[in-house]
Amino acid sequence: MAQGAGPASTTSLDDGIVATAETCLAAIGQAREAIHGVIFGQEKIVDLALITILAGGHGLLVGLPGLAKTKLVETLGTVLGLDARRVQFTPDLMPSDILGTEILDEDAERRRSFRFVKGPVFTQLLMADEINRASPRTQSALLQAMQEHFVSVAGERHDLPRPFHVLATQNPIEQEGTYPLPEAQLDRFLLEIDVGYPDRAAERRILIETTGVEDTHARAVMNTEQLLTAQRLVRRLPVGDAVVDAILDLVRSARPEGGDPSVAKKLLWGPGPRASQALTLAVRARALIEGRVAPSVADVKALAEPVLKHRMAVIFAARADGETVTGLIGQLAAKL
């Protein structure tokens, strides 16, 4: 009996993954279509944001104002059935404005006690708008929440809702009055998503469909339980040896020590093991939103830039010669 239980349980597990995958693929396809129905001309951006959430991570949206970053986060919250909140980061924002604070209460018998009032971080999808405008002290208030999924206030632990995701935005042009995120916090973002201008056809559609009497609104397609199921599925999807080797080759070649000789000497620092973990989860999520149950090396190439860009820096001499992080990542990805 014991010998026969092994194969049976393996078959059952495989059947369970297939059955869950079929259900999730249908739901994710509908969610993707619903988001594209509200966000025009940003198909790649939408897919990367969806990959971030399916992989259980956080995303950094980098783009100029007016490119629908806020609209994207709102739409994701609605379509995926998540409780979403937005915090506008400013220089005078304090950590307690995000995490919450303790207040002194007095009951009918005049007994006093402290009560914790939760801040906006206690949500499932938090938009940290212009995160680099807040002071480093306030930025760091999100660090524990993003990594540990709980916060500590006055020595007490307070767990965050599940799932919990942060989508932060940055303006890449304006630097006055900003505080660049430290490398330790940048590394907590699964992907850096560059939000560019829409093409002419998409912008034409924006003009026609958003300036009339009726505006297009998002609709709920998934709920929290379905999303959590999809996130669990992402971690159960098989990853072939070729894909694992491609991830290792890419990440290890992007380091100043022991990396690709043509690139290593141009780097100030490179990605650590967390980048490999992020890429392993992201390629699985990308396969899922494209209707596949296993990632490929093409997924690794496609996600190389958003996973590695914020985890690398180029030395001054290389920048003076016109080298960029994006260009170096492209060189490394082309060798896979």
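A pocket is an open set of grid points with protein on both sides within 12 Å along at least five of seven lines, and its lining residues are those with an atom within 4 Å of a point. The exercises below apply this to a predicted model.

**Exercise 1. Describe the largest pocket by its space, its lining and the elements that contribute to the lining.**

Step 1. Begin with the volume: the space in the largest pocket comes to about 590 Å³.

Step 2. Turn next to the lining, which is made up of 25 residues, and note that Ala55, Gly56, Gly57, Arg235 and Leu281 are the ones that lie nearest the centre of the pocket.

Step 3. Assign the lining to secondary structure: helix H6 (141-148), helix H9 (224-236) and helix H12 (273-289) are the elements that give two or more residues to it.

Step 4. Sort the lining by class, which yields 10 nonpolar, 8 polar and 7 charged residues.

**Exercise 2. Find which residues touch the most other members of the largest nonpolar core, and follow one of them outwards.**

Step 1. The largest nonpolar core holds 72 residues, and within this core Leu54, Leu76 and Leu279 touch the most other members. Helix H12 provides the largest share of the core, with 9 residues.

Step 2. Take Leu54 and leave aside residues up to four places away in sequence; the residues that Leu54 touches are then Ile28, Leu227, Ala230, Gln231, Val234, Ala285 and Ile289.

Step 3. Look also for a separate core: there is a second one, of 27 residues, and it includes Leu93, Phe116, Leu126 and Leu186.

**Exercise 3. Characterise the largest cavity by its volume and lining.**

Step 1. The volume of the largest cavity is about 40 Å³, and the count of cavities of 30 Å³ or more comes to 1.

Step 2. Its lining consists of Ile39, Gln42, Ile45, Val46, Leu67, Ala68, Lys69, Leu72 and Val195, with helix H2 (43-54) and helix H3 (69-79) each supplying at least two of the lining residues.

Step 3. By class, this lining has 7 nonpolar, 1 polar and 1 charged residues.

**Exercise 4. Explain why the radius of gyration of the protein agrees with that of a compact globule.**

Step 1. Because a compact globule with 336 residues would have a radius of gyration near 20 Å, the value of 22 Å for the protein agrees with that expectation.

Step 2. Add the contacts: among those with a separation of 6 or more, 76% join residues 24 or more positions apart.

Step 3. Add the burial, for which 47% of the 336 residues count as buried.

Technical notes
Residues numbered from 1 in each chain as written. Predicted model: local features only at pLDDT ≥ 70, side-chain atom pairs only at ≥ 80, totals over all residues. Heavy atoms only, no water. 1 Å grid on protein atoms, 1.4 Å probe; cavity = no way out; pocket = protein on both sides within 12 Å on 5 of 7 lines; lining within 4 Å. Points joined across faces, edges and corners; volume = space filled by probe spheres on them. Helix = DSSP H or I, 4+ residues; strand = E, 2+ residues; numbered from the N terminus. Nonpolar A, V, L, I, M, F, W, Y, C, P; charged D, E, K, R; others polar. Core = buried A, V, L, I, M, F, W, Y, C linked by side-chain atoms within 4.5 Å. Buried < 20%, exposed > 50% of the residue type's maximum accessible area, 1.4 Å probe, protein only. Contact = heavy atoms within 4.5 Å. Rg over C-alpha atoms; globule rule 2.2 N^0.38 Å.
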